[in-house]
Amino acid sequence: MINISCVVVTYNRLELLKENIKSLLNQTYAPNKIYIINNCSTDGTAGYLAQFNNHNKITVVNLPKNIGGAGGFNHGTRLAVKEGAGYVWLMDDDTIPEPDALEHLVKTATAETSVGFVCSRVIWTSGCEHMMNKPKIAPEECANNNVVKCLSCTFVSILIPSAVIRKVGLPIAEYFIWHDDIEFTQRIVSHGYKGYLDNSSIVVHKTPTNYGSSIITAPDTAYWRFYYQIRNQMATMRMQRNYLSFLFSSLNKYRLYLRRVSKRTSNQDKFRKEIKRGFIDGLKFKPKIEFVD
């Protein structure tokens with residue numbers, strides 16, 4: 001048995017968190033430790049989690065402020081690696097893994113030494129594929145195969161060797177939300193490791209609706225999130241390209257976002273304002289990659 005630590009980041013979704021914890025404790029391949037990173041929830045989460053203070057498997061970290069999903073994954077991943085995890089399993093609090101989800105991930109992750117990450121197949125409550133969590137499949141692969149090579153994925157159930165984390169660094173905490181997972185998995189692949197999707201490992205992502213990251217179809221209340229999407233995408237491009245290429249690509253992306261916003265049927269002004277703000281801040285946003293001490 002290899003040493004596996006699970007990191008769950010939670011914020012104001014107590015009922016789903018309860019379901020998540022139950023599913024983790026009922027895995028056929030049991031994680032050695034479960035870190036619950038509470039992002040300063042205000043819905044009674046801290047009080048509920050107090051019952052695990054002396055639990056032999058669950059460690060609760062109540063953060064003094066909300067540092068976003070990216071900050072939570074950065075904090076939890078660092079802690080898990082420093083405390084001796086061989087592999088780290090990341091997920092959100094509204095992720096409900098099937099009982100054998102981790103068992104399948106472990107089998108694929110340990111099949112070869114070049115594996116950088118393995119992600120699960122993410123479905124919605126209806127059983128269909130979740131639009132938000134589609135991994136980027138390598139062009140030479142068939143998406144219907146059981147184990148598929150992929151180039152990036154989200155943090156909704158992903159298993160990563162600690163040795164890889166030590167080499168490539170941690171998820172970027174300053175991203176706050178969105179694109180931290182895409183940047184991180186792309187970074188792993190850029191270091192020569194292989195990423196895989198294991199379709200036998202299934203988790204349910206219990207979001208209120210099954211929507212992707214498209215600004216055209218996003219709920220009206222999600223407008224503020226797109227500030228982080230364009231800002232963080234620009235930061236990733238800055239790391240991967242020279243300045244002229246970065247500037248040209250950013251301008252093109254900004255123009256594309258504005259065109260897509262115009263196709264929305266409602267709340268265009270708020271979305272447009274966040275896109276503009278994200279683009280301006282993205283021109284000077286240069287977050288640093290942190291490493292495990």
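Tutor: Strands here are DSSP runs of E with at least two residues, numbered from the N terminus. Ile 158 lies in strand 9, residues 158–161. Keep in mind that this is a predicted model.

Student: What makes the run at residues 158–161 a strand?

Tutor: A strand needs at least two residues in an E run. Strand 9 runs from 158 to 161, so it meets that rule.

Student: How many helices and strands does the chain have?

Tutor: The chain has nine helices and ten strands.

Student: Why does the radius of gyration of the chain agree with a compact globule?

Tutor: Set the two values side by side. A compact globule of 293 residues would have a radius of gyration near 19 Å. The chain has 19 Å, so the two agree. As for extent, the C-alpha trace spans about 50 × 45 × 40 Å along its principal axes.

Student: What share of the chain is buried?

Tutor: Buried residues make up 50% of the 293. The accessible surface comes to about 13,300 Å². Carbon and sulfur atoms hold 52% of that surface.

Student: What share of the contacts joins residues 24 or more positions apart?

Tutor: Such pairs account for 79% of the contacts with a separation of 6 or more.

Student: Why is Ile 158 called buried?

Tutor: Buried means under 20% relative accessible area. Ile 158 has 0%, so Ile 158 is buried.

Student: Which residues does Ile 158 touch, leaving aside neighbours within four places in sequence?

Tutor: Its contacts are Val 88, Trp 89, Leu 90, Phe 117, Val 118, Cys 119, Cys 153 and Thr 185. Ile 280 makes another kind of pair with Ile 158: 122 residues apart in sequence, and 32 Å apart in space, C-alpha to C-alpha.

Student: How do you know whether Thr 185 is buried or exposed?

Tutor: Compare its value with the cut-off. Thr 185 has 0% relative accessibility. The limit for buried is under 20%, so Thr 185 counts as buried. Its place is helix 6, residues 180–190.

Student: What makes the pair of Thr 185 and Cys 153 a polar contact?

Tutor: A polar contact needs N or O atoms within 3.5 Å, one able to donate a hydrogen and the other to accept it. The side chain of Thr 185 reaches the backbone nitrogen of Cys 153 at 3.1 Å. That distance fits the limit, so the pair counts.

Student: Which backbone oxygen does the side chain of Thr 185 reach?

Tutor: The backbone oxygen of Ile 182, at 3.2 Å. Beyond four places in sequence, Thr 185 touches Phe 117, Leu 151, Ser 152, Cys 153 and Ile 158.

Student: Why is Ser 152 called buried?

Tutor: Ser 152 has a relative accessible area of 4%. Buried means under 20%, so the label holds for Ser 152. Ser 152 belongs to strand 8, residues 147–152.

Student: How many residues separate Ser 152 from Gln 186 in sequence?

Tutor: They are 34 residues apart in sequence, and their C-alpha atoms are 5.4 Å apart. Gln 186 is one of the contacts of Ser 152, and others include Phe 117, Pro 135, Lys 136, Ile 182 and Thr 185.

Student: What makes Ser 250 buried?

Tutor: Its relative accessibility is 0%. With a cut-off of under 20%, Ser 250 therefore counts as buried. Ser 250 is placed in helix 8, residues 243–261. Beyond four places in sequence, Ser 250 is in contact with Met 234, Met 237 and Phe 279.

Student: Why is Trp 178 called buried at 13%?

Tutor: Buried asks for under 20%, not for zero. Trp 178 has 13%, so Trp 178 counts as buried. Trp 178 sits in the loop between helix 5 and helix 6. Its phi is positive, near 70°, in a residue other than glycine.

Student: Why is Asn 12 called partly exposed?

Tutor: Partly exposed lies between the buried limit of 20% and the exposed limit of 50%. Asn 12 has 28%, so Asn 12 counts as partly exposed. Asn 12 is in the loop between strand 1 and helix 1. Asn 12 is not a glycine, yet its phi is positive, about 55°.

Student: What makes Lys 107 exposed?

Tutor: Exposed means over 50%. Lys 107 has 66%, so Lys 107 is exposed. Lys 107 is found in helix 4, residues 101–109. The C-alpha atoms of Lys 107 and Asp 198 are separated by 9.5 Å, with their positions 91 residues apart along the chain.

Student: How many positive and negative side chains does the chain have?

Tutor: There are 36 positive and 25 negative side chains. The centres of the two sets lie 8 Å apart.

Technical notes:
Residues numbered from 1 in each chain as written. Predicted model: local features only at pLDDT ≥ 70, side-chain atom pairs only at ≥ 80, totals over all residues. Heavy atoms only, no water. Helix = DSSP H or I, 4+ residues; strand = E, 2+ residues; numbered from the N terminus. Rg over C-alpha atoms; globule rule 2.2 N^0.38 Å. Buried < 20%, exposed > 50% of the residue type's maximum accessible area, 1.4 Å probe, protein only. Contact = heavy atoms within 4.5 Å. Areas by Shrake-Rupley, 256 points an atom, 1.4 Å probe, with all protein chains shown as cover. Lys, Arg positive; Asp, Glu negative; His and termini not counted. Charge placed at Lys NZ, Arg CZ, Asp CG, Glu CD.
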